[in-house]
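Student: Please pick one part of this model and look at it closely. I would like one connected answer, with each term explained.

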Amino acid sequence: MYSRSWSAPAVEGSVGSHAFVAEHGLWDDARLAAAEQIEAGLDGIDLVRLVWGDPHGLVRSKTLTARTFRGVLRNGMNYSPGPFLKDTACTTAVDYRGEHGTGVDEIAGLGNFVLVPDPLTFLVLPGEGARTAWVIGDEYLRDGRTHPLSSRHVLHRVLDRYAGRGLTPVLGLEVEWYLARRLDDEPGNEGNGFGLQGPAPRVAAMNAGYQFNLDAAYDTVAPVTDPLALALLGLGLPVRSMEHEMGPGQVETTFDPMSALDTADAMLFFRVFTKRWCAARGLHASFMSQPAIAGADPSGWHLNQSVLETATGRNVFGAEGLSVGLSPTSKAYAEGLQDWLRDLFLLSVPTVNGYQRLGTQHALSPTRVGLSLESRTAMLRVVGSGAGAHIENRIGEPSANPYLNVAAQLFAGLEGLDGLAGGAADGPREGSDTVPQSLREALEAFRTGRAAKLLGDPLTAVLTKLKESEVRRYEAWALGASPAPGQVTEWEQREYFAAF
């Protein structure tokens, strides 16, 4: 039987730019080898989801046929820069039609950038139906330079500095999130538009909560979280535990130590995969810090961190000899974290809702800058000694951009190691004894601080515009609604509960 052919003759560079990876020397030997393995196995794949994390840490994607991905793997994929310019409700916060003020010429007119898959992040997802893979991309300008607005490249740059000193950061994830039952399948699009999210999903709590780590409470989430843990393990993520936290349906997931880039990639994937897994079962997962669920206790993202000598594997945070606690090196690292806290706080707690957790009514919240041995009331908690010594930084919220949160903490610690954390050794800088109490306060500290040393001027300018847009929209709403102090508002629930 005759079958019509719908294809035109192949055009080199029809996706991305022909041989973009090779032309600009973007991959090391490990990535070249991984790409060859991917190409050899693509006959067993139907679709590939090419993703990247926008400045908010939200995942943007295109789903490609495996045939198309064969070209994209080495050519890259043309992509609109629109997600760089939108706030959390898709309001255009950076004017691409006029003077955008970013210092990135390619933003004008929404000119494409090139998204290049990182072969080391390629995963084949479980599930029925189409055989689908997932891969994270790195953002490049059309001339092959790293994109100045890329969050993942920020982390790459910080890790290059560590490598130059012969050091390797090792991180451990502890992530709290909420699991709830969906009450309907309505999409919540009434009144939806640019700058206004539709109604949040209607949910009911999984249990009554407020019995910390109660086994019976875990039983209410185990039918979902147990197979979720097994699925994550099957994908290679080093899940350590699933625990029921304090709030009704609040879960904490912890992971074994990983490299810094693996940690950020894992967090990006974990959030998306968990939401997808739960949605397929009629449930809703959210990494919003404090959702408007009756009795909800706020969720945090604790980042455990230590630093190894690359050549020897020695943990430089462990004190020598018979003493316990932290070494002078780790104390300098902690001083850096404290000294840079206010400048970079926006990168760890980037939403209006995240500051609900930092109120004084929450005894275990890190409201004051400080370092303490085995105290969960401190911002920086010293855990263990010797080879196992590490610092747990408790400031992050679970919806933070993984690359920027990790990069900010590693950068600040390295500034301490380099002896550049001015004044930290002699006491906290002026105004730095408490953490910011609102997104507006954090934004002003970011705007007037030293963030550009980490992020560069373009990304600093864009993040300032994005967060200014977000906080202005909230303040305009709150002016008319007059929410009670400490109340999780309808605005917050609409803005974050579904997206994060």
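**Charged pairs and a helix beside two cavities**

Tutor: Asp 28 is partly exposed, at 37% relative accessibility. Its salt-bridge partner, Arg 31, is buried at 14%. Buried means under 20% relative accessible area, exposed means over 50%, and partly exposed lies in between (1.4 Å probe, protein chains only). Between Arg 31 and Asp 28, the closest N and O atoms are 3.0 Å apart.

A word on the source. This is a predicted model, where local features need pLDDT of at least 70 and side-chain atom pairs count only at pLDDT 80 or more, while totals for chains, interfaces and linings use all residues. Numbering starts from 1 along each chain as its sequence is written, and side-chain values use heavy atoms, with hydrogens and water left out.

Side chains of opposite charge can pair when their charged atoms come close. For a salt bridge, a side-chain nitrogen of Lys or Arg must lie within 4 Å of a carboxyl oxygen of Asp or Glu. That rule gives 32 salt bridges here.

Now the helix to watch: H8. Arg 342 pairs with Glu 441, with a closest N to O distance of 2.8 Å. This salt bridge links distant parts of the chain: Arg 342 sits in helix H8 (residues 341-348) and Glu 441 in helix H10 (residues 439-448), 99 residues apart. Helices (H or I, at least four residues) and strands (E, at least two) are DSSP runs, numbered from the N terminus. Arg 342 is buried, at 16% relative accessible area. Glu 441 is partly exposed, at 27%.

H8 also borders empty space. A cavity is a set of points, on a 1 Å grid over the protein atoms alone, where a 1.4 Å probe fits but cannot get out; its lining residues have an atom within 4 Å of a point. Points are joined across faces, edges and corners, and the volume is the space filled by probe spheres set on them. The structure holds four cavities of 30 Å³ or more.

The largest has a volume of about 90 Å³. H8 gives the most to its lining, four residues. H8, S16 and helix H9 (402-417) each supply at least two. The lining includes Leu 341, Phe 345, Asn 393 and Ala 408. By type, it has eight nonpolar, three polar and no charged residues. Nonpolar here means Ala, Val, Leu, Ile, Met, Phe, Trp, Tyr, Cys and Pro; charged means Asp, Glu, Lys and Arg; the others, Gly among them, are polar.

The second largest cavity holds about 70 Å³ of space. Leu 346, Leu 347 and Lys 467 are among its lining residues. H8 and helix H12 (457-481) are the elements that give two or more residues to this lining. The split is six nonpolar, two polar and one charged.

Strand S16 has a salt bridge of its own. Glu 392 meets Arg 381 at 3.2 Å, N to O. Glu 392 is in strand S16 (residues 390-396) and Arg 381 in strand S15 (residues 380-383), 11 residues apart. Glu 392 is buried at 1% relative accessibility, and Arg 381 is buried at 7%.

Finally, confidence. The score is pLDDT, the predictor's confidence in each residue, from 0 to 100. The protein averages 89, and 91% of the residues score at least 70. Over residues 420-429, pLDDT stays under 50.

Terms used. 1 Å grid on protein atoms, 1.4 Å probe; cavity = no way out; pocket = protein on both sides within 12 Å on 5 of 7 lines; lining within 4 Å. Contact = heavy atoms within 4.5 Å.
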